[in-house]
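The following exercises accompany the structure shown below. Please attempt each task before reading its solution.

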Amino acid sequence: MLKYELIPAQLLHEGTITQENLFAPVPLAEVDIINTHDVAYWLQLKNLTLPAREQRRIGFPLSSQLVEREVRIAQGTIDGAKYAQQFGVAFNVAGGTHHAGSNWGEGFCLLNDQAIAANYLLNNVLSKRILIIDLDVHQGNGTAEIFQNERRVFTFSMHGDKNFPFRKEVSDLDIPLEDGTDDDTFLNKLSDALTFVFEKHQPDFVFYLAGVDVLESDKLGKLALSKNACKQRDLMVFEACLKHQVPVQISMGGGYSADIKVIVDAHCNTFRLAADLYT
Ligand SMILES: [Zn+2]
């Protein structure tokens, strides 16, 4: 997708980041894939033998380039998590593939990058208690399923109730939103939820999925958030992480406004805010 090239280009152009802030991930080790996804599913991806019906659920035909791309993106989220532990915050300019479950791909997601990185941190004793804050407009169903029996990972998803995926999984905290939810309603619910989840789970690491498909201009979102409220949303998450001194890795997630400039600008706002708050 074009936005993944435009976001870093814009951030470099305006001086929010420099080349030294960028890194290029290598492909993920297989062990890190199968710690999150079923071996049989991974082999079907790797060997391009996923049945046609399951490919349709993903939304595009499987290819080795696509698999290679997702394998790098997920490593980018692991690397980002480690950078976040060092610097407080780190981003993946892609990622947020939260519809991928332990044995399925769905909604343009093959492998679940933040779930893979969360398991990496746990397995390498780099974290004991993880909070996943998923504010993409679509429910983080894959993430919820992957961690349904993992008490060390708290999954929080705030999403359009009547939006994709239509069969939702159960997160540790789900906040379903009505179509047309406005700025104040969204931000008030988020503020209460953040207070609750940080107190309840006491995380030592946060993954944040900052999809900008919550915007009113979004073709798929069905909510009615202004760009400013989207920025306020990010600010609330960063302030909560800073207050509790918890590092945060951010993946981009969705954004489907008709004007690509709106999408890129809204995603860049998340980076700009972090650059202001963490320096
Ligand atoms: Zn989405």
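**Exercise 1.** Which protein donors does the zinc ion have, and how far from it do they lie?

*Solution.* The model is predicted, so local features need pLDDT of at least 70 and side-chain atom pairs count only at pLDDT 80 or more, while totals for chains, interfaces and linings use all residues. Residues are numbered from 1 along each chain as its sequence is written, and side-chain values use heavy atoms, with hydrogens and water left out.

Step 1. Donors are N, O and S atoms within 2.8 Å of the metal (3.2 Å for Na, K and Ca); water is not among the atoms, so sites may look incomplete.

Step 2. The donors are Asp-136 (OD), listed twice, His-138 (ND1) and Asp-213 (OD), at 1.9 to 2.8 Å from the zinc ion.

Step 3. The angles among the four donor atoms run from 52 to 155 degrees, and the site is irregular. Four donors count as tetrahedral if all angles lie between 85 and 135 degrees; four count as square planar and six as octahedral if opposite donors are over 155 degrees apart and all others between 65 and 115; anything else is irregular.

**Exercise 2.** Where in the fold do His-138 and Asp-213 lie?

*Solution.* Step 1. Helices (H or I, at least four residues) and strands (E, at least two) are DSSP runs, numbered from the N terminus.

Step 2. The donor residues follow the spacing D-x1-H-x74-D. His-138 lies in the loop between strand 2 (130-134) and helix 7 (141-146), and Asp-213 in the loop between strand 5 (205-209) and helix 9 (227-243), so the pair ties together parts that are 75 residues apart in sequence.

Step 3. Both His-138 and Asp-213 are buried, where buried means under 20% relative accessible area, exposed over 50%, and partly exposed in between (1.4 Å probe, protein chains only).

**Exercise 3.** Is Phe-108 buried, partly exposed or exposed, and which of these words applies to Gln-245?

*Solution.* Step 1. Phe-108, in the loop between strand 1 (89-92) and helix 6 (113-123), has a relative accessibility of 46% and therefore counts as partly exposed.

Step 2. Gln-245, in the loop between helix 9 and strand 6 (248-251), is exposed, with a relative accessible area of 72%.

Step 3. Phi is positive in both residues: about 70 degrees for Phe-108 and near 55 degrees for Gln-245. Most residues other than glycine have a negative phi.

**Exercise 4.** Which residues does a cis peptide bond join?

*Solution.* The bond joins Phe-164 and Pro-165, with omega about -5 degrees. Pro-165 belongs to the loop between strand 3 (153-160) and strand 4 (173-177).
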